[in-house]
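This briefing walks through selected local features of one protein model, grouped by topic. Please keep the sequence and the structure open while reading.

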Amino acid sequence: MATTTNYFDVVVIGAGPTGLGAAKRLSQINGPSWALFEVNPKAGGLSATDETPEGFLIDYGGHVVFSHYKYFDECLDEALPRAEDWHRHQRISYIRYKDTWVPYPFQNNISVLPIEDQVDCLDGMIDAALESRSATTKPTNFDEWTLRNLGKGISNAFMRPYSFKVWAIEPTKMQCQWLGERVAAPDVKKAVTNVLRNHTAGNWGPNATFRFPASGGTGGIWTAVAKTLPQRNLHFNQAVERIDEVQKVIHLADGSGVRYGSLITTMPLDRLVSQLTQKEQYSGCETLFHSATHVIGIGVRGFRPSRVGNTCWYYFPGDNCPFYRATIFSNYAPANVPRAEKLLPTLRLADGSSPESTQPTLGPYWSLLLEVSESRLKPVDRETIVEDCIKGLVNTGLLASSDEIVMTYHKYCDHGYPTPTLERNRILEEALPALKSRSIYSRGRFGSWKYEVSNQDHSFMLGVEAVDHIVYGSVELTLDYPDVVNGRKNDERSLHKMAGR
Ligand SMILES: Cc1cc2nc3c(=O)[nH]c(=O)nc-3n(C[C@H](O)[C@H](O)[C@H](O)COP(=O)(O)OP(=O)(O)OC[C@H]3O[C@@H](n4cnc5c(N)ncnc54)[C@H](O)[C@@H]3O)c2cc1C
């Protein structure tokens, strides 16, 4: 428990991946005194996992681990070292378009679309390729980027509706500098050849294969990483309520204060600023746009149906379901669902009707994890969202009307996606250096608000690099050069070579 007399060279707020990355690096360096404060009772932040009373595990959204960094890989290997700690998967994912399942990515697989859509998509791609030859300017927003790179056909069929469903904002209001490896640029020749040969092309991108923890869900990674740290430095159930950046003191909910030399905070930047003494100096941060994420879990009795097979996840641009993504979460690890011997009652059938019996009976079980975005531009009826999702599962063919639902779960994450809006860079370029001049390092998915470096690997390394900057003055590559870190495997840092320095 903290007291007002405590002082640490570095204080870290938050035990999500960013805070744990900072803590990991601090624990390696013999020197600075440090402490971490986390409001929740467990580590993980947005990468944590809940267990439902029925025994289903649910991540806060579909999380897969992929990595740009050797140091991150080594920290995960240290935390979960045995081969049996992980399941390894090849990404199998589809897009629901009209009544067709299109292998991901859409733009490489238009050969499976109805013929009229194939014509539209190819027409658009050819026009876009021709226009790009004479273009003298860069696209100014995400919608323009999509039109120029993928053409009108693909934009209208998939990118525009899907983008709005994920981001909860029109793509014209988003910038496009954040892109890079995240969208597969089309190859017109390949697209035409694939259509003529009736071929499909999958496995594009950084997460074509991934590993998933055998137990505890994604959150199991972060509770294991937290166990590798000195426990005396970690303070859970401790909310930071106010920060005096002039006196360099954080004030905790229990009334105590902790003084710091440098502060690494991973709470959302808009909330951080609202806690500061001189908040007016950081005006603009409160206008940073973000979407919220509703996470809906559904547990179903029975063997996994052949219609889902070993698919990892599906994307849904259409308006016959509220979710933009559905993950077959039971496919990631057997421990994500209760064992077949577990007796559970049927709560309802998928079509809303009552089961013949509510007596608990045996499994097996499988599960779905759905994500729905919300913003002031895309409201969601929170009362009916679970019911609307189940209807959407029936509409899209993922559930049969007679499927027995044994578990429903709903979690609302107020800060889900840090939106790269047109104004974002200007706000960050003012706020982050101004905070740094006060020894405050706001880092992480919502700490530094850069979607392009906001996955678990990036977040962890934002924490590591912030510490190295504070102690050694080194460059924060992930924060300042996202294209560089995303364009290669970053192996300069090694956990084993950096102990004690
Ligand atoms: C829907 C969704 C899908 C995602 N999919 C993927 C994926 O497939 N792959 C991937 O790698 N990443 C994915 N991510 C991103 C991943 O969740 C983040 O990279 C990661 O959790 C960010 O870590 P962080 O530490 O920066 O922030 P957070 O995880 O948000 O952690 C911040 C921590 O700070 C604590 N905190 C906040 N305020 C206070 C306070 N005042 N006092 C004390 N503690 C406080 C919070 O409780 C929290 O634990 C996804 C995220 C979402 C929402």
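In which loop does Pro 364 lie? Pro 364 lies in the loop between β16 (348–349) and β17, and the peptide bond that leads to Pro 364 from Gly 363 is cis, with omega near 10 degrees. The model is a predicted one, and the points below take up its backbone features, two of its helices, two buried residues and its internal cavity.

**Backbone features in loops**

- A second cis peptide bond to describe is the one that joins Tyr 104 and Pro 105, where omega is about 0 degrees; Pro 105 is found in the loop between β7 (100–103) and α3.
- Asn 198 is not a glycine, yet its phi is positive, at about 60 degrees. Asn 198 follows helix α5 and belongs to the loop between α5 and β8 (209–213).
- With a relative accessibility of 58%, Asn 198 counts as exposed, because the cut-off for that class is over 50%.
- Lys 248, which is likewise not a glycine, also has a positive phi of about 60 degrees, and it is found in the loop between β10 (240–244) and β11 (249–252).
- The relative accessible area of Lys 248 is 26%, so this residue is classed as partly exposed.

**Helix α9**

- Helix α9 covers residues 424–436, which makes 13 residues, and from its first C-alpha to its last it reaches 18 Å, close to the 18 Å expected at 1.5 Å a residue.
- The buried residues of α9 are Arg 424, Ile 427, Leu 428, Ala 431, Leu 432 and Leu 435. They cover an arc of only 105 degrees around the axis, and therefore they sit on the same side of α9.
- The spacing of such residues follows from helix geometry: an α-helix has 3.6 residues a turn, so residues three or four places apart point the same way.
- The face of α9 that is turned away from the buried side carries Glu 429 and Glu 430, both of them exposed.
- Among the elements that cover the buried residues of α9 are α7 (269–275), β19 (440–442) and α11 (477–480).

**Helix α5**

- In helix α5, which covers residues 188–197, the buried residues are Ala 191, Asn 194 and Val 195. Viewed down the axis of α5, these buried residues fall within an arc of 100 degrees, so they line one face of the helix.
- On the other side of α5, the residues Lys 189, Leu 196 and Arg 197 are exposed.
- The cover over the buried residues of α5 includes helix α3 (115–134).

**Two buried residues and their contacts**

- Ala 23 is found in helix α1 (residues 17–28), and because its relative accessible area is 0%, Ala 23 counts as buried.
- If residues up to four places away in sequence are not counted, Ala 23 touches Trp 34, Leu 36 and Leu 229.
- Ala 23 and Pro 230 are 207 residues apart along the chain, whereas their C-alpha atoms are separated by 9.1 Å.
- Val 380 is found in the loop between β17 (365–374) and α8 (385–395), and it is classed as buried because its relative accessible area is 17%, under the 20% cut-off.
- Leaving aside neighbours within four places in sequence, Val 380 is in contact with His 294, Val 372, Ser 373, Glu 374 and Ile 385.
- From C-alpha to C-alpha, Val 380 and Pro 322 are 8.8 Å apart in space, with their positions 58 residues apart in sequence as the stated separation.

**The internal cavity**

- A search of the whole structure for cavities of 30 Å³ or more finds 1, and the largest cavity has a volume of about 50 Å³.
- Which residues line the largest cavity? The lining is made up of Tyr 69, Lys 70, Tyr 71, Met 461, Glu 465, Leu 477, Asn 490, Glu 492 and Arg 493.
- Helices α2 (70–79) and α10 (456–472) each supply at least two residues of this lining.
- Sorted by class, the lining of the largest cavity has 4 nonpolar, 1 polar and 4 charged residues.

Notes
Residues numbered from 1 in each chain as written. Predicted model: local features only at pLDDT ≥ 70, side-chain atom pairs only at ≥ 80, totals over all residues. Heavy atoms only, no water. 1 Å grid on protein atoms, 1.4 Å probe; cavity = no way out; pocket = protein on both sides within 12 Å on 5 of 7 lines; lining within 4 Å. Points joined across faces, edges and corners; volume = space filled by probe spheres on them. Helix = DSSP H or I, 4+ residues; strand = E, 2+ residues; numbered from the N terminus. Nonpolar A, V, L, I, M, F, W, Y, C, P; charged D, E, K, R; others polar. Expected span 1.5 Å × (residues − 1). Buried < 20%, exposed > 50% of the residue type's maximum accessible area, 1.4 Å probe, protein only. Arc of directions from axis to C-beta. Contact = heavy atoms within 4.5 Å.
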